[in-house]
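Here are some comments for a colleague who will be working with these coordinates. They are set out as numbered points, to be read with the structure open alongside.

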Amino acid sequence: EFSACLVGSEMCIRDRAYVIPVYQAQADFDDTIRNLAKSSLPCTAFVVDDGSQPPLRVPDSGPRLEVHLIRLPQNRGVVAALNAGMKAALEAGFEYIARIDAGDFSSPDRLQKQIAYLDSHPQCMLVGSDAQICDENGTYYFTIQPPRDPRTLSVALHERAWLFHCTVVYRASVLRDVGFYTDLYKAAEDYEMFLRIASQHEIGVVDEPLVTWVMRRTGISMRNARVQAISRLRVQIRYFQWTR
């Protein structure tokens with residue numbers, strides 16, 4: 001279904017990986033790869049080229065970031081690309097899987113702090129963080145600060161999508177339990193995944209901004225704002241509980 005190639009010189013770090021779906025965003029992808037190459041922990045990135053034309057090119061990532069490039073033969077959408085990357089990371093035996101998109105940025109110590117949180121909270125299956133929001137020119141707007149208490153966060157997700165997809169790190173074992181992303185909720189597949197996990201497991205948050213999310217006019221959230229709002233309502237109905 002897809003072909004994979006390996007880019008990089010160091011042996012793969014088998015416990016932590018990023019999954020990055022990309023479609024027609026070469027310049028944004030270059031920026032994100034250069035950002036991840038500065039991580040305080042060496043790591044791996046599973047990059048899924050969702051049928052870009054021309055095909056996606058991987059820039060020099062340096063010795064601390066090893067990149068696996070997965071090419072889908074044609075554009076299949078973000079859910080298919082995400083699942084291809086998640087399955088590849090899971091099959092390769094990674095313990096922690098972080099999400100980020102082309103054009104977004106992680107702080108150098110993001111993985112270190114989020115993995116430390118998961119290690120100190122063995123029942124937690126998903127951890128997010130605060131997120132700084134800025135525009136394409138770098139103008140800062142505000143910071144999203146999810147509820148800090150795990151139980152409060154789990155309840156609050158039923159009302160609002162507090163967790164940004166680019167901030168989360170999954171404990172890979174949870175994917176074997178709850179499954180992968182679904183395409184039933186267009187532009188809200190991440191929100192559905194978070195509520196699916198929160199309905200069965202503990203989730204948490206690192207209470208500091210570890211990710212910068214860039215608000216782009218061409219981004220999925222901006223292009224499909226109305227569709228996303230409707231999909232989120234459908235997700236809330238799907239997971240509605242009187243006690244929450």
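**Notes on the model**

1. Helix 6 passes helix 8 in a right-handed crossing. The structure is a predicted model, and the remarks here should be read with that in view. Two packed helices are described by the angle between their axes and the distance between the axes. For helix 6 (residues 189-198) and helix 8 (residues 225-238), the angle is about 15 degrees and the axes lie 9 Å apart. Since angles under 35 degrees count as roughly parallel, helix 6 is therefore roughly parallel to helix 8.

2. Which residues make this contact between helix 6 and helix 8? On the side of helix 6 they are Tyr191, Glu192 and Leu195, while helix 8 contributes Arg232, Val235 and Gln236. Sorted by character, the residues of the contact of helix 6 with helix 8 comprise three nonpolar, one polar and two charged.

3. How many of the ten residues of helix 6 are buried? Ten of the ten are, so helix 6 is largely enclosed by the rest of the structure. The buried residues of helix 6 include the charged-type names Glu189, Asp190, Glu192 and Arg196, and also Tyr191, Met193, Phe194, Leu195, Ile197 and Ala198. Alanine 198, which lies in helix 6, has a relative accessible area of 4% and is buried. The C-alpha atoms of alanine 198 and serine 154 are separated by 5.7 Å, although the two residues are 44 residues apart along the chain.

4. Just ahead of that helix, alanine 187 is placed in the loop between helix 5 (173-178) and helix 6, and its phi is near 65 degrees, a positive value in a residue other than glycine. Alanine 187 is buried, with a relative accessible area of 9%. Glutamine 24 also has a positive phi, near 55 degrees, and is likewise a residue other than glycine. Glutamine 24 sits in the loop between strand 2 and helix 1, where it is partly exposed at a relative accessible area of 44%. Most residues other than glycine have a negative phi, and most peptide bonds are trans, so a reviewer may wish to look at these places in the backbone.

5. On the matter of peptide bonds, the one joining glutamine 53 and proline 54 is cis, with omega at about 0 degrees. Proline 54 belongs to the loop between strand 3 and strand 4, and leucine 56 is placed in the loop between strand 3 and strand 4 as well. Leucine 56 counts as buried, at 2% relative accessibility. Setting aside residues up to four places away in sequence, leucine 56 touches Val22, Gln26, Phe29, Val47, Asp49, Leu69 and Arg71. From leucine 56 to phenylalanine 29 the C-alpha to C-alpha distance is 8.8 Å, with their positions 27 residues apart in sequence.

6. In helix 1 (residues 26-36), the buried residues are Gln26, Phe29, Asp30, Thr32, Ile33, Asn35 and Leu36. Their cover includes strand 2 (16-22), strand 3 (43-49), strand 4 (65-71) and strand 6 (105-106). Arginine 34 lies in helix 1 but counts as partly exposed, at 44% relative accessibility. The C-alpha atoms of arginine 34 and glutamate 202 are separated by 33 Å, the two being 168 residues apart along the chain.

7. Leucine 65, placed in strand 4, is buried with a relative accessible area of 1%. Leaving out residues up to four places away in sequence, leucine 65 touches Ile33, Leu36, Ala37, Cys43, Thr44 and Ala45. Leucine 65 and leucine 195 are 31 Å apart in space, C-alpha to C-alpha, and 130 residues apart in sequence.

8. What is the count of disulfides? It comes to zero, the rule being a pair of cysteine sulfur atoms within 2.5 Å. The sulfur of cysteine 124 has its closest cysteine sulfur in cysteine 166, at 17 Å, which is too far for a bond. Cysteine 124 is buried, with a relative accessible area of 0%, and cysteine 43 also counts as buried, at 1% relative accessibility.

Methods:
Residues are numbered from 1 along each chain as its sequence is written. This is a predicted model: local features need pLDDT of at least 70, side-chain atom pairs count only at pLDDT 80 or more; totals for chains, interfaces and linings use all residues. Side-chain values use heavy atoms; hydrogens and water are left out. Axes are lines fitted to C-alpha atoms, for helices over the stretch in contact, and angles run from 0 to 180 degrees between N-to-C directions. Helices (H or I, at least four residues) and strands (E, at least two) are DSSP runs, numbered from the N terminus. Angles under 35 degrees count as roughly parallel, over 145 as roughly antiparallel, 65 to 115 as roughly perpendicular and the rest as oblique. A crossing is left-handed if the near helix is turned anticlockwise from the far one by less than a right angle, and right-handed if clockwise. Contact means heavy atoms within 4.5 Å. Buried means under 20% relative accessible area, exposed over 50%, partly exposed in between (1.4 Å probe, protein chains only).
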